[in-house]
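Grab a pencil and your favourite viewer. Below are some short exercises, each with a solution you can follow step by step.

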Amino acid sequence: MKVLMFAAVAAAVLLLVSGLSSSPPGQGTFQQRTLALGPDAYRYQVFLPVGWQPQKSWPVVLFLHGNGERGDDGWRQTLVGIGPAIRRNPERVPAIVVLPQCRRGMWWTHTRMERLALAALEAAVRDFGGDSTRIFLTGISMGGYGTWSLAAKHPGRFAALAPICGGVVPPQGVKVPEDHPPVEFSPDPYRSMAVRIGATPVWIFHGTDDPRVPVSESRRMAGALRALGKPVRFSEYAGVGHDSWDRAYDDPDFFPWLLSHRSVRP
């Protein structure tokens, strides 16, 4: 009896660590999963679209949340940004969406958090039939900064980008991790970022009255991309504050535009 009980417990632990469930994944739902990086385990979420089938190949969206959703509960990152937009209109999102969670005291530009985001993305692509030519990146606020940084470090990895109320140079007075890219010391950090991103299509969103991340960050990035002849769209919302993500993700053109692209290099 003890042997059987031990075997049952061991099997349950294995399922938890691997992020798998004993029941089939639900369509149009969020799945909580876990992955290990070194000695640490991280919870993250994966949304499976309505109509998801394992034998099909699906586009995959990686979402980087903002400062307020940091933690280790594995759920808070679904409550602001793309998560509520999905819950409001799941039929608008015919894609797998991966939602990792940044730990407290860190930014998405921290090396360990970048590794986490990419590991969660790769696991979802592998386990749920993701299409390696249709991988997309979007983020809000701190996640908008992470979107620019991750795309610049992995040019060609993402088929399209959608940074929302993010930027390149951190706001004055904001403490960032020691290994945050020192772009603020470049003579022109926005042009440098635009060059590194390459030809990846970008749609930028920002509110004019954002009190946390100045809209000038997005204006400068849009200008730098245009000056280099890069494909960029910029939606600036008059009178909108920091939560411009609600307008962005509810835009009926957002997901059709994003998912219409394919990367040149998988």
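**Exercise 1.** Work out the handedness and angle class of the crossing between helix 4 and helix 5.

*Solution.* Start with the handedness: helix 4 and helix 5 make a left-handed crossing, meaning that the near helix is turned anticlockwise from the far one by less than a right angle (clockwise would be right-handed). A word on the source first: this is a predicted model, where local features need pLDDT of at least 70, side-chain atom pairs count only at pLDDT 80 or more, and totals for chains, interfaces and linings use all residues. Residues are numbered from 1 along each chain as its sequence is written, and side-chain values use heavy atoms, with hydrogens and water left out.

Next, the geometry. The axes of helix 4 (residues 142-153) and helix 5 (residues 189-197) cross at roughly 50 degrees and come within 7 Å. Axes here are lines fitted to C-alpha atoms, for helices over the stretch in contact, with angles from 0 to 180 degrees between N-to-C directions. That makes helix 4 oblique to helix 5; under 35 degrees would be roughly parallel, over 145 roughly antiparallel, 65 to 115 roughly perpendicular, and the rest is oblique. Helices are DSSP runs of H or I with at least four residues, strands are runs of E with at least two, and both are numbered from the N terminus.

**Exercise 2.** Which residues of helix 4 and helix 5 meet?

*Solution.* From helix 4, take Trp148, Ser149, Ala151, Ala152 and Lys153; they meet Met193, Arg196 and Ile197 of helix 5. Contact means heavy atoms within 4.5 Å. Sorted by class, this contact has five nonpolar, one polar and two charged residues. (Ala, Val, Leu, Ile, Met, Phe, Trp, Tyr, Cys and Pro count as nonpolar, Asp, Glu, Lys and Arg as charged, and the others, Gly among them, as polar.)

**Exercise 3.** Lay out the sheet and say which strands stand at its edges.

*Solution.* Eight strands form an open sheet with mixed pairing, in the order 1-2-4-3-5-6-7-8. Strand 1 (29-37) and strand 8 (232-237) are at the edges with a single partner strand each, so one side of each has no neighbour in the sheet. On average, neighbouring strands are turned by 20 degrees against each other, direction ignored. Strands pair if DSSP finds at least two bridges between them.

Now walk through some pairs:

- Strand 3 (residues 58-64) and strand 5 are parallel over six bridges, and leucine 64 stands opposite glycine 139 of strand 5.
- Strand 5 and strand 6 (residues 160-164) are parallel over five bridges, with threonine 138 opposite alanine 162 of strand 6.
- Strand 7 (residues 202-207) and strand 8 are parallel over six bridges, and tryptophan 203 has arginine 233 in strand 8 as its bridge partner.

Finally, add helix 6 (residues 216-227): it lies across strand 7 and strand 8, at about 155 degrees to strand 8.

**Exercise 4.** Is strand 5 mostly covered or uncovered, and what about the loop after it?

*Solution.* In strand 5 (residues 130-140), ten of the eleven residues are buried, i.e. under 20% relative accessible area (exposed is over 50%, partly exposed in between; 1.4 Å probe, protein chains only). Serine 141 sits in the loop between strand 5 and helix 4 and counts as buried at 10% relative accessibility. Its phi is near 55 degrees, a positive value in a residue other than glycine.
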